[in-house]
Amino acid sequence: FESADIVYNRFCKRGVLHRYHPAPPLPTTHWKVVKTVYTYDEVDSEVLRCYNEFTLANVLHHALKEQEASEQSARMNAMENATRNAGEMIDKLTLQYNRTRQAVITRELIEIISGANAFRVVTVTVSVILIVLHL
């Protein structure tokens with residue numbers, strides 16, 4: 001391969017960052033300059049090819065893990081928002097329910113009091129009629 005470009009979502013504490021990350025393979029001349037590589041291995045073209053493949057695999061693995069972390073973060077944020085919205089909706093509906101219940105109770109009390117007043121008027125009227133009949 002000549003070059004590779006990776007596009008992934010990068011996880012950060014404030015949210016998800018969309019990132020374009022070019023990941024070109026390291027040229028074989030890079031490994032020839034690094035002296036520590038020669039300490040442990042004989043460097044030939046096969047070893048350099050393996051190093052390049054390993055580097056690309058690490059970059060891909062890192063990108064996949066960043067993507068997974070950002071996805072989980074986005075899901076967590078979405079669930080927090082949904083929970084907050086549900087709580088607000090429950091509060092509004094509870095307030096509406098309590099107001100409606102209070103209105104029904106008030107109407108029933110008015111009906112009871114009106115009925116008691118009507119009964120009192122009827123009782124007084126019947127008493128007056130009875131008094132008039134006795135006279």
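Me: How much area does the chain expose, and what share of it do carbon and sulfur atoms supply?
Reply: Happy to start there, with the reminder that this is a predicted model. The chain exposes about 11,300 Å². Of that area, the share supplied by carbon and sulfur atoms is 63%.

Me: What percentage of the residues count as buried?
Reply: A residue counts as buried when its relative accessible area is under 20%. The chain has 135 residues. The part of them that meets this cut-off is 10%.

Me: In what order do the helices and strands run from the N terminus?
Reply: Let's take stock of the elements before putting them in order. The chain has three helices and two strands. Read from the N terminus, the order is β-β-α-α-α.

Me: Which element has the highest mean pLDDT?
Reply: Across the whole chain the average pLDDT is 76, and 61% of the residues score at least 70. Among the elements, helix α1 (residues 28-33) has the lowest mean, 58. The highest mean, 82, belongs to residues 45-134, which form helix α3.

Me: Is Ile112 buried or exposed?
Reply: Ile112 lies in helix α3. Its relative accessible area is 57%, and the cut-off for exposed is over 50%. Ile112 is therefore exposed.

Me: Which residues form a nonpolar patch on the surface?
Reply: Exposed Ile112 is one of the members of this patch. Together the patch residues have about 380 Å² of accessible area. They are Ile105, Leu109, Ile112 and Ile113.

Me: What percentage of the contacts with a separation of 6 or more join residues 24 or more positions apart?
Reply: A contact here means heavy atoms within 4.5 Å. Counting those contacts with a separation of 6 or more, the share from residues 24 or more positions apart is 41%.

Definitions and conventions: Residues numbered from 1 in each chain as written. Predicted model: local features only at pLDDT ≥ 70, side-chain atom pairs only at ≥ 80, totals over all residues. Heavy atoms only, no water. pLDDT = per-residue confidence, 0-100. Helix = DSSP H or I, 4+ residues; strand = E, 2+ residues; numbered from the N terminus. Patch = residues over 30% accessible without salt bridge, like charges linked within 9 Å, V, L, I, M, F, W, Y side chains within 5 Å. Areas by Shrake-Rupley, 256 points an atom, 1.4 Å probe, with all protein chains shown as cover. Salt bridge = Lys/Arg side-chain N within 4 Å of Asp/Glu carboxyl O. Buried < 20%, exposed > 50% of the residue type's maximum accessible area, 1.4 Å probe, protein only.
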